[in-house]
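I opened the notebook to record what I looked up in one protein model. The entries are in the order in which I made them.

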Amino acid sequence: MKIAVMGAAGRMGRQLITAIAADPHVTISGATETAGSPAIGRDIGELAGLEPMGIAVSSDAAAVIAAADAIVDFTVPKASVEFARLAAQSGTAHIIGTTGFDKASETAIAETATRIAIVKAGNMSLGVNLLVALTRQVAAALGNDFDIEIVEMHHRMKIDAPSGTALMLGEAAAKGRKIALDEHSVRTRDGHTGPRHAGDIGFATLRGGTVVGDHTVIFAGEGERLELTHRAADRGIFARGAVKAAIWTQGKPPGLYAMSDVLGIS
Ligand SMILES: NC(=O)C1=CN([C@@H]2O[C@H](COP(=O)(O)OP(=O)(O)OC[C@H]3O[C@@H](n4cnc5c(N)ncnc54)[C@H](OP(=O)(O)O)[C@@H]3O)[C@@H](O)[C@H]2O)C=CC1
Ligand SMILES: O=C(O)C1=N[C@H](C(=O)O)C[C@H](O)C1
């Protein structure tokens with residue numbers, strides 16, 4: 001199977017090159033970066049700190065996507081929407097790790113998924129996807145007298161908040177409670193807020209240093225507190241998950257899939 005890497009010079013792009021190179025079931029067919037990036041023309045192996053691979057980073061996304069069976073894409077929302085459009089033209093599967101989409105972009109991607117297989121997840125690690133399932137179960141079991149707060153911390157360069165993972169966890173908690181997250185989500189608190197509303201799902205965002213990604217779901221009740229935590233120490237967990245997702249799309253009909261589909265977690 002041929003996989004191409006979009007945004008090859010990014011923190012995740014370089015991890016994706018490494019993960020594909022290490023997997024005997026797949027080959028890397030190409031890689032892209034933004035037009036004008038200093039990475040254009042560089043060998044992708046050297047870019048990832050490996051031996052040269054004889055493939056240069058390109059700015060021609062359409063050509064790179066057309067030559068691949070699947071693309072792995074951890075870039076920015078605007079680029080991911082465009083890559084989905086191009087992938088649909090060539091029948092290429094699209095693995096989207098990018099986070100921070102607005103509603104219109106989510107809708108555009110869902111529409112494109114009627115024509116190709118798209119796996120989209122704010123977190124592609126096994127551990128977080130298990131945490132998502134646990135969060136849904138615990139939220140359902142505990143009910144409304146336990147307050148739910150989601151705390152995340154990431155490196156100082158992260159540009160979106162709350163993290164895609166925090167939103168997945170919020171959705172899971174809301175699903176467990178059989179409520180709509182949009183109607184109960186509290187993303188900021190400042191000044192004289194008054195007491196907490198029963199049923200709110202709160203988000204707290206921390207940024208600093210080189211933290212790869214920490215997430216905790218807190219269930220705070222009368223006299224007791226339950227906390228579920230995942231800490232990522234290495235971006236390789238996300239990259240290996242994305243390669244697994246790419247392989248999984250082979251022979252799959254068009255659709256918008258989640259990492260839980262790939263991992264068989266319900
Ligand atoms: N789902 C998951 O498991 C994970 C998701 N993420 C998400 O992945 C995304 C990327 O994260 P990270 O790697 O840290 O960010 P980086 O900024 O390090 O990497 C993004 C890369 O994409 C490039 N890029 C932007 N636009 C285009 C384009 N049109 N064509 C080609 N390349 C483009 C950027 O280039 P330039 O800087 O030159 O614009 C940059 O090199 C984020 O949304 C993050 O939240 C991260 C880790 C795990
Ligand atoms: O930007 C990151 O770094 C990460 N982004 C994803 C997110 O928004 O949840 C996944 C991971 O936590 C790292």
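My entries on this structure follow.

**Entry: the whole protein**

I noted before anything else that this is a predicted model. I looked up the secondary structure and found 10 helices and 11 strands in the protein. I then checked the radius of gyration, which is 19 Å, close to the 18 Å that the globule rule gives for 266 residues, so the protein is as compact as a globular protein of that length. Along the principal axes, the C-alpha atoms fill a box of roughly 60 × 40 × 30 Å.

I looked up burial next: 42% of the 266 residues are buried. For contacts I kept to pairs at least 6 apart in sequence, and 70% of these join residues at least 24 apart.

**Entry: the annotated domain**

I read the UniProt record, an unreviewed entry, which lists residues 127-263 as "domain: Dihydrodipicolinate reductase C-terminal". In the model this span is 38% helix and 26% strand. I also looked up its two ends, and their C-alpha atoms lie 11 Å apart.

**Entry: ligand 1**

How many residues surround ligand 1? I found 26, and the closest are Gly7, Gly10, Met12, Ala79 and Gly97. I sorted the shell by class and got 10 nonpolar, 14 polar and 2 charged residues. Helix H1, residues 11-22, gives the most to this shell, with 3 residues.

**Entry: ligand 2**

I listed the residues around ligand 2: Thr99, Gly122, Asn123, His154, Lys158, Ser163, Gly164, Thr165 and Gly213. By class, this shell has no nonpolar residues, 8 polar and 1 charged.

**Entry: the two annotated positions**

Which residues does UniProt list for "active site"? The unreviewed entry gives His154 and Lys158. Both names also appear in my list for ligand 2.

I took His154 to begin with. His154 is in strand E6, which covers residues 147-154. Is His154 buried or exposed? I counted 25 C-beta neighbours inside 10 Å, and a residue needs 20 or more to be called buried, so His154 counts as buried. Not counting residues up to four places away in sequence, His154 touches Ser163, Arg207, Val211 and Gly213. Of these contacts, Ser163 and Gly213 are also among the residues around ligand 2.

Then I took Lys158, which is found in the loop between E6 and helix H7. Lys158 has 18 C-beta neighbours inside 10 Å, so Lys158 counts as partly exposed.

**Entry: the loop between E6 and H7**

I stayed on this loop, where Pro162 also lies. A cis peptide bond joins Ala161 and Pro162, with omega at about -10 degrees.

**Entry: helix H7**

H7 covers residues 164-177. I checked its length: at 1.5 Å a residue, its 14 residues should span 20 Å, and the end C-alpha atoms are 20 Å apart, which agrees. I looked up burial along the helix and found 12 of the 14 residues buried, so H7 is largely enclosed by the rest of the structure. Among the buried ones are Gly164, Thr165, Leu167, Met168, Leu169 and Arg177. Gly164 and Thr165 also appear around ligand 2.

What do the buried residues of H7 pack against? I wrote down helix H6 (126-142), E6, helix H8 (181-184), strand E7 (185-186), strand E8 (201-207) and strand E9 (213-220).

**Entry: Lys178**

I moved on to Lys178, which comes just after H7 and is found in the loop between H7 and H8. Lys178 has a positive phi of about 60 degrees although it is not a glycine. Lys178 has 8 C-beta neighbours inside 10 Å, so Lys178 counts as exposed.

**Entry: Thr32**

My last lookup was Thr32, in the loop between strand E2 (27-31) and helix H2 (44-47). Thr32 is buried because 29 other C-beta atoms lie within 10 Å. I checked Thr32 against Asp60, 28 residues apart along the chain, and their C-alpha atoms are separated by 6.9 Å. Leaving aside neighbours within four places in sequence, Thr32 is in contact with Met6, Ala8, Val57, Ser58, Ser59, Ala61 and Val64.

How values were computed. Residues numbered from 1 in each chain as written. Chains lettered and ligands numbered in written order. Predicted model: local features only at pLDDT ≥ 70, side-chain atom pairs only at ≥ 80, totals over all residues. Near = placed C-beta within 6 Å. Helix = DSSP H or I, 4+ residues; strand = E, 2+ residues; numbered from the N terminus. Nonpolar A, V, L, I, M, F, W, Y, C, P; charged D, E, K, R; others polar. UniProt positions renumbered as here; feature names shortened; annotations may be inferred. Contact = placed C-beta atoms within 7 Å. Expected span 1.5 Å × (residues − 1). Rg over C-alpha atoms; globule rule 2.2 N^0.38 Å.
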